[in-house]
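Got the sequence and the 3D view open? Let's walk through one corner of it together.

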Amino acid sequence: MEQKNEILLTQEGYNKLEEEVELLKTVRRKEVAERIKVAISFGDLSENAEYDEAKNEQAQVEERIMKLENMIRKAVIIDESQIDLNVVTIGSIVKVQDVEFDEDVEYTIVGSAEADPYDGKISNESPVGKALLGRTVGEEVDVQVPDGTAKFKILEIRR
């Protein structure tokens, strides 16, 4: 039975989460603790902006660690060797033609935790990602986007 709160990740995305948690726990925690120690040495904590700032940063680091560890616990890694190359699924790399602009664009369909539109990684929950899922090469897809409707023709599916 599928968990409602599972987080779909590629192996690469999962590895990035683990690396970030490790960095936060080993490097960032020490840096912030050192900043707090230095700020305390300035004396009066009631009017110590450096101390307040360092404590806020410490809270942000700890919150991010908790968030990432929670995501890792709920992660379901997509087995990229099982990706059907005939149909767009999570983990697919899809080459599409933007019909209106006659421009080819490539997207990797990923889970929402891994989405990075600037790197061409779009969420399976985004309008474009949702519209492409389950489609095959040659199909044309209309997608509701903020400025109207975009039309994409699927040119290639790979992993």
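What follows is a short chat about a pocket and two residues.

This is a predicted model, so local features need pLDDT of at least 70 and side-chain atom pairs count only at pLDDT 80 or more, while totals for chains, interfaces and linings use all residues. Residues are numbered from 1 along each chain as its sequence is written, and side-chain values use heavy atoms, with hydrogens and water left out.

Reader: Which strand gives the most to the lining of the second largest pocket?

Author: A pocket here is an open set of points on a 1 Å grid over the protein atoms alone, where a 1.4 Å probe fits, with protein on both sides within 12 Å along at least five of seven lines; lining residues have an atom within 4 Å of a point. The lining includes Gly148, Thr149 and Ala150. With 3 residues (strands are DSSP E runs of at least two, numbered from the N terminus), the top contributor is β7, residues 148-158.

Reader: Asp98 is buried, so which side chain of opposite charge is nearest?

Author: Asp98 lines that pocket and is found in strand β3. Buried means under 20% relative accessible area, exposed over 50%, partly exposed in between (1.4 Å probe, protein chains only). Lys and Arg count as positive, Asp and Glu as negative, with His and the chain ends not counted. Asp98 has no salt bridge (a Lys or Arg side-chain nitrogen within 4 Å of an Asp or Glu carboxyl oxygen), and 10 Å away sits the nearest candidate, Lys151.

Reader: Is Asp102 buried or exposed?

Author: Asp102 is in the loop between β3 and β4. Because its relative accessibility is 59%, Asp102 counts as exposed.

Notes: Helix = DSSP H or I, 4+ residues; strand = E, 2+ residues; numbered from the N terminus.
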